[in-house]
Amino acid sequence: MLRINQRLLVRSLRDAQYQYLKSTALRFLSSSTQSNVETTPRRSGRLFELNKEYTGKLAQPDGKANIESLYSEFKNDLDKISEFSNGRQGMAPKYGRSRSLSFINRLFLSITNAKNTSSLDPYVVLEQLSKYNLIGPAQYEMILKYYLLVKDAPKDVISLWVKYLEQFTTSNENLMAYTTIAYLKLPDMNEPDCSMLQQILQTERFHTDIPFGRIISIVEQNEVLKRDQELSNRFAYLLNLYATQNKTWFINQLDICYTESRLRSFYNIYSAQRDINNCDIEIITKFMEQFNKLNANSSFPMQVFNEYKDKLNDADGFKLKLGLLDIVSKYPAPSKIQKLQRLLAVWNSYLKPEFGKVGIDASLAYASLIKALNTSGNIEELQNIWEKEIPTEYKNNQVVFEAFLLAIIRRTKITYSQIQNRIDATKFGKLKSVDLAEAIALKIFNENPNDSKVFDDFYQQNSLDSFGSNTSILALKTYGDYIYKTKTDDETYVIANDVRSKVLKLKPQISTQSWKQEVNLILEKFIDIAPSIIPVRVLFEQRGIYQLNFTLQKKILFSEFRKPDGDVQNAEKIFEELMKTDNNKVSQPMRINSPQLMGTMIKGLCQVIGRTHDVSLYPELSKYLEMLPGLEVHMSINWMEQVLRTIRMVFRSGSTKTIPKELLEFSEFIIEKLPAIDPDFNYQFRNDDIAMFKKIGAKSFSKLKSTST
């Protein structure tokens, strides 16, 4: 294995500008041959006693001051265990499962700290403890961060990554991210080389990709890296180059951006070195779509549209305008009539005049119009346009027909038998639209909850397996298995394990990290398509069998607010479960994640109030906001906008002749108590919001700071 990796590294360094890396990397390679260790799992009671003893000593007031002597004593005791365990000196003990010892973790935290004054060299300590097989990825991460952020030694970071590859057979996203940053910080580099970086990271060996999302997180959390303009330029170049070579992968990355700030980071980096006259229109429209998906009120999609609309050729400009139609269909409006007016304005001003030009596919325009009318809730107008305005030649186009049928399924009470009759009448054959396949399958599940034959026939007739590892199709198949197997099998059906089996069957050579990522994406889609909260709760209850990542847990939490049979009280129970504390203190991992969980609770309850106009839930929303100081979470502008939007919707609904007491009290809470809850939060209200509070009857409305709009 050593020789193979050495040749790979040498081959990746052939270009003359990188030759200086060779000597450093090979020095680490040669040294690693001296620390080859056995990894047979075997625990030692004495080792854990030592760990407890030295952890206690290090925790003493003078522990860090005496860290050199403590480490020397600890190493001497390890040598004694080594001699005792192996019968002769010089052999490494078999401590394969002992890499999470608290003393070693705290030792590395101390000696890799920027303020460390001890004489211990982190690399020497890593070398020495590797002989005892007591070093794992966590310690490598600490030492890579140290050489990157404290010592500013990118060559050493890459060399340490090579050493890690010789010791372990699995990839590590954090280590890959730090190694990539180190590669981008190498001196005298003209332009990053994707191929070379992939060889250094060994992405092909691990069946993984360059971890751009993790790199963005690391850079954004470190002020020194954020201010490094050369690093920013090189990273933007690398991202653009990789996105060009792997467009499908990049679009999938945008799909899994769950915050507007993360998506904006991707966009800023992507557009930093992108020639606006040579852009990829599919990626640009995906940015618009995803911004709108994350925040329907965001003005950013329109900013993107305005930036590109006059700089594209006819064909690409037409696709951008189709994207605008989709955005407008989702943008909030007081009524669906106003949404319709906006849609028709876009259609008549931007799209219809393009018909007949070279490269313009009118069928895509009609399909997009149908989708937009459906999304905006204008089903009557959609049926009218279908019957009177769409030419027959386009009605007979499969893409247009499937868009119309999808709208009918989602907006009317049509049966599966009627759907199938319409499909059979077209003679199109197998379905092209994954969204349509999903809608029909859900209809089948609802009509045939006890017999899988109808679904199995539909699945085979349309060859849905031919979509391969499509996330939606696999999630659909999993939901079908959940519906039918839970009714027929004696053993409990484990949703996540079934998904894992499906992924591994399709991709038997996939790495652990990659299959886990795919499983998570499929489970996210499974949560989305489940029409009821019940299977989502089952997934959460099975987390002891298959560990769910934080994103999935947050999505499950939000489902309690989003699903029609979800329950606010159950959401609060899940929140409490996720925020479990020790000694009434929030654990560090939860302290990091608590802003996102709290944001999910606020967003979710705001959506329920906006949807139901149930003012009795306002005291619950007040309770959530009052929890912020205890969780060390600050109020955000985004949350405030959601809260105000909820107040506007209830106030303007006209569902009651008098102002509900709960709405008045909550308005007073926002004005009077919220500033005391978070004194650092300084929000400037719109003049019309101040006027609204006055009409509601909030006596303290005059205290509000306003903007001119």
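1. Asp 528 is partly exposed in this predicted model, its relative accessible area being 33%. Its side chain meets that of Arg 562 in a salt bridge, with N and O 3.5 Å apart. The two residues belong to distant parts of the chain, since Asp 528 sits in helix α30 (residues 512-529) and Arg 562 in helix α32 (residues 550-562), a separation of 34 residues. Arg 562, at 34% relative accessibility, also counts as partly exposed.

2. A second salt bridge joins the side chains of Arg 543 and Glu 577, at an N to O distance of 2.9 Å. This pair, too, links distant parts of the chain: Arg 543 lies in the loop between α31 (534-541) and α32, whereas Glu 577 lies in helix α33 (residues 568-578), and the two are 34 residues apart. Arg 543 has a relative accessible area of 26% and is therefore partly exposed, and Glu 577 is partly exposed as well, with a value of 30%.

3. Helix α33 takes part in a further pairing, between Lys 623 and Glu 572, whose closest N and O atoms are 3.5 Å apart. Because Lys 623 lies in helix α35 (residues 618-626) and Glu 572 in helix α33, this salt bridge ties together parts of the chain that are 51 residues apart in sequence. Is each partner buried or partly exposed? Lys 623 is partly exposed at 34% relative accessibility, while Glu 572, with a relative accessible area of 14%, is buried because that value falls under the 20% cut-off.

4. The reader may wish to set these pairs in the wider count, which comes to 34 salt bridges. Among them are links that form a network, in which Lys 477, Asp 481, Asp 498 and Lys 502 are joined. In general terms, side chains of opposite charge can pair when their charged atoms come close.

5. The contact between helix α36 (residues 637-653) and helix α37 (residues 661-677) deserves a separate look, as their axes come within 11 Å and cross at roughly 155°. An angle over 145 degrees counts as roughly antiparallel, and α36 and α37 are therefore described in that way. The crossing of the two helices is left-handed. On the α36 side the contact is made by Met 640, Val 643, Ile 647, Val 650 and Phe 651, and on the α37 side by Leu 663, Phe 666, Ser 667, Ile 670 and Leu 674. Sorted by class, the residues in this contact are nine nonpolar and one polar, with no charged residues.

6. Helix α12 (residues 212-220) is largely enclosed by the rest of the structure, because seven of its nine residues are buried. Which residues of α12 are buried? They are Phe 212, Gly 213, Ile 215, Ile 216, Ser 217, Ile 218 and Val 219. The helices against which the buried residues of α12 pack are α9 (173-184), α13 (223-226), α14 (229-245), α15 (247-255) and α16 (260-272).

7. For the chain as a whole, the model shows 38 helices and two strands. Of the 709 residues in the protein chain, 49% are buried. When contacts with a separation of 6 or more are considered, residues 24 or more positions apart account for 70% of them.

Methods. Residues are numbered from 1 along each chain as its sequence is written. This is a predicted model: local features need pLDDT of at least 70, side-chain atom pairs count only at pLDDT 80 or more; totals for chains, interfaces and linings use all residues. Side-chain values use heavy atoms; hydrogens and water are left out. A salt bridge is a side-chain nitrogen of Lys or Arg within 4 Å of a carboxyl oxygen of Asp or Glu. Helices (H or I, at least four residues) and strands (E, at least two) are DSSP runs, numbered from the N terminus. Buried means under 20% relative accessible area, exposed over 50%, partly exposed in between (1.4 Å probe, protein chains only). Axes are lines fitted to C-alpha atoms, for helices over the stretch in contact, and angles run from 0 to 180 degrees between N-to-C directions. Angles under 35 degrees count as roughly parallel, over 145 as roughly antiparallel, 65 to 115 as roughly perpendicular and the rest as oblique. A crossing is left-handed if the near helix is turned anticlockwise from the far one by less than a right angle, and right-handed if clockwise. Contact means heavy atoms within 4.5 Å. Ala, Val, Leu, Ile, Met, Phe, Trp, Tyr, Cys and Pro count as nonpolar, Asp, Glu, Lys and Arg as charged, and the others, Gly among them, as polar.
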